[in-house]
Amino acid sequence: MVSETTDKTFEKDTSTGVTLTDFWATWCGPCRMQSPVVDQLSEDMGDQVTFNKMDVDQNPETPQKFGIMSIPTLLVKKDGKVVDSIVGYHSKEQLAKILKEYL
């Protein structure tokens with residue numbers, strides 16, 4: 001399951017284990033293509049990876065803190081530290097391969 005995260009909860013939500021956060025906006029076409037891929041991936045890997053999404057219009061502080069200028073951006077953290085930043089649309093297979101590197 002993909003959970004909503006906010007500026008207030010982001011650090012706590014991504015502090016342990018491997019996490020993937022999808023930074024998106026309602027008006028972003030590529031984000032609307034990426035979202036179902038992240039949903040499918042969470043069904044396949046949800047027991048190993050925590051999946052979150054953040055609306056950048058509602059939560060401007062976190063994207064700014066991490067220098068996110070383009071969306072969709074997928075931020076991968078391991079035990080609270082950023083280990084990868086993936087910009088633009090990516091297939092389920094591409095994302096699964098990246099995540100498996102950090103498990």
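Which exposed residues does the face of α4 turned away from its buried side carry? Keep that in mind as you open the viewer; this is a predicted model, and the tour will come back to α4 at the end.

**Stop 1: strand β2**

Select residues 18-24, which make up β2. Seven of its seven residues are buried, so the strand is mostly covered. In a regular strand the side chains alternate between the two faces of the sheet. Here, V18, L20, D22 and W24 lie on one side, while T19, T21 and F23 lie on the other, and all of these are buried.

Now show the neighbouring strands. β2 runs parallel to β3, and seven bridges join the two. To find one of these, select T21 in β2 and look for its bridge partner in β3, N52. With β4, β2 pairs in the antiparallel sense, over six bridges. F23 is a good place to look here, as its bridge partner in β4 is T73.

Stay on this strand and pick T19, which has its place in β2. T19 counts as buried because its relative accessibility is 0%, which is under the 20% cut-off. Beyond its neighbours within four places in sequence, T19 is in contact with D13, T14, V49, T50, N52, L75, V76 and K77.

**Stop 2: over the helix to β3**

Next, add α2, residues 29-45, and β3, residues 49-55. Together, β2, α2 and β3 make a right-handed β-α-β unit.

Pause at the two cysteines, C28 and C31. A disulfide joins C28 to C31, with an S to S distance of 2.3 Å. A disulfide is a covalent bond between the sulfur atoms of two cysteines. The link of C28 and C31 is right-handed, with 80° about the S-S bond. Are these cysteines buried or exposed? C28 counts as buried at 4% relative accessibility, and C31 counts as buried at 3%.

Follow the chain on to G46, in the loop between α2 and β3. At 40% relative accessibility, G46 counts as partly exposed. Leaving aside neighbours within four places in sequence, G46 is in contact with L41 and F51. Try a distance here too: the C-alpha atoms of G46 and V2 are separated by 8.6 Å, although the two residues are 44 residues apart along the chain.

**Stop 3: the nonpolar cores**

Select L20, L41, M45, V49, F51, V76 and L99. Of the 17 residues in the largest nonpolar core, these touch the most other members. β2, α2, β3, β4 and α4 each supply at least two residues of this core.

Zoom in on F51. Not counting residues up to four places away in sequence, F51 touches M1, V2, S3, L20, V38, L41, S42, M45, G46 and L99. Then switch to a second, separate core of 10 residues, which includes F10, F23, A25 and M54.

**Stop 4: back to helix α4**

Finish by selecting residues 92-100, helix α4, where the buried residues are L95, A96, I98 and L99. They are on the same side of α4 because they cover an arc of only 165° around the axis. That buried set packs against β2, α2, β3, β4 and β5.

Now turn the helix around to settle the opening question: the face of α4 turned away from its buried side carries the exposed residues E93, K97 and K100.

Conventions. Residues are numbered from 1 along each chain as its sequence is written. This is a predicted model: local features need pLDDT of at least 70, side-chain atom pairs count only at pLDDT 80 or more; totals for chains, interfaces and linings use all residues. Side-chain values use heavy atoms; hydrogens and water are left out. Buried means under 20% relative accessible area, exposed over 50%, partly exposed in between (1.4 Å probe, protein chains only). Helices (H or I, at least four residues) and strands (E, at least two) are DSSP runs, numbered from the N terminus. The arc is that of the directions from the helix axis to the C-beta atoms. Contact means heavy atoms within 4.5 Å. A nonpolar core is a set of buried Ala, Val, Leu, Ile, Met, Phe, Trp, Tyr and Cys residues joined through side-chain atoms within 4.5 Å. A disulfide is a pair of cysteine sulfur atoms within 2.5 Å. Two strands pair if DSSP finds at least two bridges between them. A crossover is right-handed if, with the strands pointing away from the viewer, the path from the first strand over the helix to the second runs clockwise.
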